[in-house]
Amino acid sequence: MTQGLFIMCSGQGGQHAGMFDLARTDPAAAALLDQAGLRMDSATLFDNAVAQPSIVAAALAVWEALRAHLPTPMLAAGYSIGEVAAWSVAGALAPLDAIALSRVRATAMDDAARAGPGQALVAISGVAIEKAAALLADYGYEIAIVNGYDACIAGGLASDLAALGDAAAAEGAKLQRLPVAVASHTSLMAPARAVFDAALQSLRFATTACPVLGGVSALALHTKMQAVDELSRQLVQTIRWSDCMDAAAEAGVTVALELGPGSALARMMQARHRRIACRSVADFRSIDGVAAWVGRQE
């Protein structure tokens, strides 16, 4: 069985009403979801306060079902809110603690957004990152996540979005508004840090079974001090997901498995590093199917 397993935990965007169905086929995973007390409502799935804990719970419930059937990961990482789940996959945070932390994070971010003018998060592609950064800055937007050479997520004020869209179109870029009402990973989230930092400091962190790649630094992290610093900074600083993918490849991972709803991370990893076998649990109909696929990647 392969030893080069990289676990990736989804961020927002792929959630759907059936996102817990696969995990609920396993008794232990179903029990975790019941303890978490999450209510699935299609009308609120993209509300920040619902989305963040639901996404973390989806990743950790399916991990609860899978972990006894898979080798210890070489690395774990998470995209935005997925980084909270990644620390639990690595063994540092109890699953219910990670879900509770995601609730605090979502509330703090929502409060920060409500304290000022309306915010927006957009995906922009088709223009080099350096050029995109300059274009975005002209309209008060900041790069939130770097996904590739010419693809990123950016956040800023909703009132500047129309003008930014016109400017992006003039440059031949594609811009799409995302169903997220907070400018995640930008300086607009600064008011959220105090509450979130306090929640981070209060948590018990256990010894990790594998390193977690920090979203901001793309470094392999192990300790509570590193986790607290990285998770706090990623509220207000750019996540360099493309660097995380490269760091995993450089570390020698051979298999990448995405936990959580959707398969965006698996697709990005496969496109960037074609020699790494990449799938999402969303591609499978059973826990046994996921485990069997990983086991075949020798």
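**Reading strands, rings and distances in a predicted model**

Q: Which residues point one way from S10, which point the other way, and are they buried or exposed?

A: From strand S10, Val-255, Leu-257 and Leu-259 point one way, while Ala-256 and Glu-258 point the other way, and all of them are buried. Here buried means under 20% relative accessible area, exposed means over 50%, and partly exposed lies in between, with a 1.4 Å probe and protein chains only. Helices (H or I, at least four residues) and strands (E, at least two) are DSSP runs, numbered from the N terminus. Strand S10 covers residues 255-259, and it is described as mostly covered, with 5 of its 5 residues buried.

Q: What should I keep in mind about the model itself?

A: This is a predicted model, in which local features need pLDDT of at least 70 and side-chain atom pairs count only at pLDDT 80 or more, while totals for chains, interfaces and linings use all residues. Residues are numbered from 1 along each chain as its sequence is written, and side-chain values use heavy atoms, with hydrogens and water left out.

Q: Which strands pair with S10, and in which sense?

A: Strands of a sheet pair through backbone hydrogen bonds, and the sense is either parallel or antiparallel. Two strands are taken to pair if DSSP finds at least two bridges between them. In this structure, strand S1 (residues 5-9) pairs with S10 in the parallel sense over 5 bridges, and within that pairing the partner of Met-8 in S10 is Glu-258. S10 also pairs with strand S11 (residues 277-280), again in the parallel sense and over 4 bridges. If you look for Ala-256 of S10, you will find that its bridge partner in S11 is Cys-278.

Q: What is the order of the strands in the open sheet of 5 strands?

A: A strand order is read across the sheet, from one edge to the other, and here the order is S6-S3-S5-S4-S9, with mixed pairing. The edge strands are S6 (174-177) and S9 (239-240), each of which pairs on one side only. Inside that order, strand S3 (residues 119-125) and strand S5 (residues 151-157) pair in the antiparallel sense over 7 bridges. To follow one bridge by eye, start from Ile-124, whose bridge partner in S5 is Cys-152.

Q: How many aromatic pairs are there, and how do I recognise one?

A: Rings of Phe, Tyr and Trp (for Trp, its six-membered ring) pair if their centres lie within 6.5 Å; planes under 30 degrees apart count as stacked, over 60 as edge-to-face and the rest as tilted. By this rule the count comes to 3 aromatic pairs. One of them joins Tyr-79 and Trp-241, which are edge-to-face, with 5.6 Å from centre to centre and 80 degrees between the planes. Tyr-79 lies in the loop between strand S2 (75-78) and helix H3 (82-89), and Trp-241 lies in helix H9 (residues 241-251), so this pair ties together parts that are 162 residues apart in sequence. Tyr-79 counts as buried at 10% relative accessibility, and Trp-241 is also buried, with a relative accessible area of 0%.

Q: What kind of pair do Phe-284 and Trp-293 form?

A: The two rings have their centres 6.2 Å apart and their planes at 50 degrees, so the pair of Phe-284 and Trp-293 is tilted. Both Phe-284 and Trp-293 are buried.

Q: How far apart are Ala-29 and Ala-58 along the chain and in space?

A: A separation can be given along the chain or through space, and it helps to read the two values side by side. Ala-29 and Ala-58 are 29 residues apart along the chain, and their C-alpha atoms are separated by 9.3 Å. Ala-29 belongs to helix H1 (residues 27-36), and at 0% relative accessibility this alanine, Ala-29, counts as buried.

Q: Where does Ala-115 lie, and is it buried or exposed?

A: Position and exposure are read separately, beginning here with position. Ala-115 has its place in the loop between helix H4 (95-114) and S3. With a relative accessible area of 68%, Ala-115 is exposed. Ala-115 and Lys-174 are 59 residues apart in sequence, and from C-alpha to C-alpha they are 30 Å apart in space.
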